[in-house]
Every structure is written in structure tokens, then in C-alpha cells.
Amino acid sequence: MSVQVAGAQPQSTSGSFELSGSPSQGELVLLNPLGNIVARVQWTAQQASVTQGQQTRQAGSLDELTQELMGTSLPIAALFDWLQGKPTPAQGWEADLSAHGEGKITAQRLFPQPEASLRIVLERS
């Protein structure tokens, strides 16, 4: 997964991820290119938390945590469907699933600013 955020201070993040659960309760594990866990995000309908190393902190929402970790809020609910090839709309995002059969997903966030892009290459087992 690669996330790039445009703006006055452009940001770029890449690595692997593991997504489990559902949009209402789940876990997103972010790994660096070497496969080490960078962050473990867990959420329910009532709360969201992130663990980085030995530190865990709570946040008001999953959007708030992904904004903090990736530089942009990720459309987690839609992402569950995009990973299965379902073209679920996400506010501000345009997903391109035309290469899903080859294991590739791209999405652009057009609003709110700054613009962001998401690229995913799926590993097939």
C-alpha cells in the first residue's frame, strides 16, 4: 500500500497492511517495507485506538487515527469493499477498480484538500 498526500508539506507512506473485521469493528495493522509492525489500529462503533510500540492512545474516530498515521483519512468502510472488487462510493474519493483482477486498486481523494492518492497491490495466496 502506498499513500501520497499533496499539499504544502507533501507526505508519502508505503508498506504492507493487514485489514480484518468489518467497517464497524476491526483492525488495521500497518507494516514497514521490512515487515515490522509500525502501528496497530483497532476500532469499534464506540472508539478507536492505535498502538505503536509500547504506547497506546485513544482517538475520537477511526478517521482521526488514519489522518494522523497516513496524512489523510482513509475510507476504511469502502476499502473493505474495494478489496473485494465492489465499487462502493466514499465521500471525496474516486476508486479505480479496473485492474482489481490483476490485484491492483487505485483511488484518488479530490476533497477535502489536500488531494491524496492510494495505491494497493494485493498479494494472492
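Which helix does Q67 lie in? Hi everyone, let's settle that one right away: Q67 sits in helix 1, which covers residues 62-70. Before going on, please keep in mind that this is a predicted model.

Staying with Q67 for a moment, is the residue buried or exposed? Neither label fits, because its relative accessibility is 39%, and partly exposed is the class between under 20% for buried and over 50% for exposed. As for its contacts, leaving aside residues up to four places away in sequence, Q67 touches T72 and S73.

Now, over to the sheet. We have an open sheet of 5 strands, paired antiparallel, in the order 2-1-10-9-8. Strand 2, residues 11-14, and strand 8, residues 93-96, are at the edges; each has a single partner strand, so one side of each has no neighbour in the sheet. From one strand to the next, the twist averages 10 degrees.

Let's walk through both edges, beginning with strand 2. Strand 1, residues 2-5, runs antiparallel to strand 2, and 4 bridges join them. If you'd like a pair to click on, Q4 stands opposite S12 in strand 2. The hairpin of these strands has 5 residues between them, and there G7 takes a positive phi near 130 degrees.

At the other edge, strand 8 pairs with strand 9, residues 104-109, in the antiparallel sense, over 4 bridges. Which residue in strand 9 is the bridge partner of W93? That would be R109.

That's my tour, folks. Thanks for listening, and I'm happy to go back to any part of it on the screen.

Key. Residues are numbered from 1 along each chain as its sequence is written. This is a predicted model: local features need pLDDT of at least 70, side-chain atom pairs count only at pLDDT 80 or more; totals for chains, interfaces and linings use all residues. Side-chain values use heavy atoms; hydrogens and water are left out. Two strands pair if DSSP finds at least two bridges between them. Helices (H or I, at least four residues) and strands (E, at least two) are DSSP runs, numbered from the N terminus. Axes are lines fitted to C-alpha atoms, for helices over the stretch in contact, and angles run from 0 to 180 degrees between N-to-C directions. Buried means under 20% relative accessible area, exposed over 50%, partly exposed in between (1.4 Å probe, protein chains only). Contact means heavy atoms within 4.5 Å.
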